[in-house]
Amino acid sequence: MSGGVYFPEEAPELALRLDRFLSGLATRLAAAPFASQVTALVLAGGYGRGEGGVFRAGGGGEPQLYNDLEFFLLLGDPSIEPLAAEWCRRESHAGDVELGIEVEFKLLAASALATGEPSMFYYDLVAAHRLVWGDERFLAGLPPRLKDPALIPAHECTRLLFNRGSGLFYCRCALAADADPRVSDGFVERNHAKVRLALADAVLAINGRYHFSCVERERRLAEPLALVPPDWRVIGAWHADGVEFKLRPRHLRPERVRLNGEQAKLARVWLRTFLWAEGIHLQRVFADAPAYADVAGRLHPHSRAIRNLLLHVRDRVRRGGGLPGWTDYPRAALQRALVRLVDPDSGAGELKQAGEALGGVAPAWPDLEAAYVRWWRCYN
């Protein structure tokens, strides 16, 4: 495996460290008893696309890895999943220790990729990754629809905003606590930067102009777009800040009062953009968070009702509980709760309704966050 570029700036020692880690992974995978049934192991995410972050403490310290390493193990034979999952578990733990960042492995059946429908996830994975082990020719048989960003559906754009809005909610919970370490360890700054990046990315995707490279997406913001949300000028300016943080993350550790101000500003723009995007997706107009949270009908009409029903039944049988909305995809209940949880203008009544949607929890930030995280991990 030849050496590669993982980040845009010069950091040869850090690149060599990743090269050695990936080479070790490839060697150990080749020796695994199930290796002959694996199609490929690929590194996705920022480092796989050559746009990983390089962190320097204080702005001038030694370069360090920052983002998670996100691997996908493509299985040619799904029956090896238990063995492959155990291998991934061991390698994930060893990688965390060796590199000091989170190393995550996900299993993906090669057949599922070959029959997949257009999505932001599939496009990013197929368009730009680093092959760690296997044969790059697996790409040849994939349907062209996975490689065309113009085919990414509108509900994928709102899914991106949903996940970044979830990060805003976690920031709100951290800022509401007296001594939450997330306020000072960079968590809030990092999630705020992700929101600044994602707002414009979602707009580009809705206009069919998404690209796997955040640098290219920044360039495309200068193009005239047919569909833009109310705060487009602000969103466009924020995107450059998001790109800068993604490639060169820094922790400035601003005062809590400043973080609270940024949180409120980002939350209001996120909410208006999310409602705008969902309006395009569902062909509706949503004036505010309650109008969206209380709207009748399904928020995921593209998801079959019978499949949704089975997911709700499974949750109640295997997970001891469930979310409301039997015929809608379970994430819909999280979306209805999220707009109220992120909205800085939500009162006690709205937070109580959000708690009820999350299983009847008390409208207190620790309880709301715990209930939300439980289901977000299942349906993000």
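**A first look around the sheet and its helices**

Q: In this predicted model, which residue in S4 does Val38 stand opposite?
A: Val38 belongs to strand S1, which covers residues 38–44. Its partner strand here is S4, made of residues 69–75, and the two run antiparallel. Across from Val38 in S4 stands Leu75.

Q: How many bridges join strand S1 to strand S4?
A: In general, strands of a sheet pair through backbone hydrogen bonds, either parallel or antiparallel. S1 and S4 take the antiparallel option. The number of bridges joining them is 6.

Q: In what order do the 4 strands of the open sheet come?
A: Let's start from the outside: S5 (103–109) and S6 (130–134) stand at the edges, and each has a single partner strand, so one side of each has no neighbour in the sheet. The pairing in this open sheet is mixed, and the twist from one strand to the next averages 20°. Written out, the order is S5-S4-S1-S6.

Q: Which helix lies across S1, S4, S5 and S6?
A: Two helices are worth a look here. Helix H3, residues 81–99, lies across S1, S4 and S5, and runs at about 160° to S5. The one lying across S1, S4, S5 and S6 runs at about 25° to S6 and spans residues 12–31: that's helix H1.

Q: At roughly what angle do the axes of H13 and H15 cross?
A: Two packed helices are described by the angle between their axes and the distance between the axes. For H13 (residues 331–342) and H15 (residues 365–379), the axes come within 10 Å. The crossing is left-handed, and its angle is roughly 145°.

Q: How many nonpolar residues does the contact of H13 with H15 have?
A: H13 brings Arg331, Leu334, Leu338 and Leu341, while H15 brings Trp365, Leu368, Tyr372, Trp375, Trp376 and Tyr379. Sorted by class, there are no polar residues and 1 charged one. The nonpolar count is 9.

Q: Is Arg196 buried or exposed?
A: Arg196 is found in helix H7, residues 187–206. Beyond its neighbours within four places in sequence, it is in contact with Trp238, His239, Asp241, Gly242, Glu262 and Leu266. Its relative accessible area is 15%, and the cut-off is under 20%, so Arg196 counts as buried.

Q: How far does helix H10 reach from its first C-alpha to its last?
A: H10 takes in residues 256–282, which makes 27 residues. At 1.5 Å a residue, 39 Å would be expected. Just after the helix, Gln283 takes a positive phi of about 55°. The reach of H10 itself comes close to the expected value, at 37 Å.

Technical notes: Residues are numbered from 1 along each chain as its sequence is written. This is a predicted model: local features need pLDDT of at least 70, side-chain atom pairs count only at pLDDT 80 or more; totals for chains, interfaces and linings use all residues. Side-chain values use heavy atoms; hydrogens and water are left out. The expected span of a helix is 1.5 Å times one less than its number of residues. Two strands pair if DSSP finds at least two bridges between them. Axes are lines fitted to C-alpha atoms, for helices over the stretch in contact, and angles run from 0 to 180 degrees between N-to-C directions. Contact means heavy atoms within 4.5 Å. A crossing is left-handed if the near helix is turned anticlockwise from the far one by less than a right angle, and right-handed if clockwise. Ala, Val, Leu, Ile, Met, Phe, Trp, Tyr, Cys and Pro count as nonpolar, Asp, Glu, Lys and Arg as charged, and the others, Gly among them, as polar. Buried means under 20% relative accessible area, exposed over 50%, partly exposed in between (1.4 Å probe, protein chains only).
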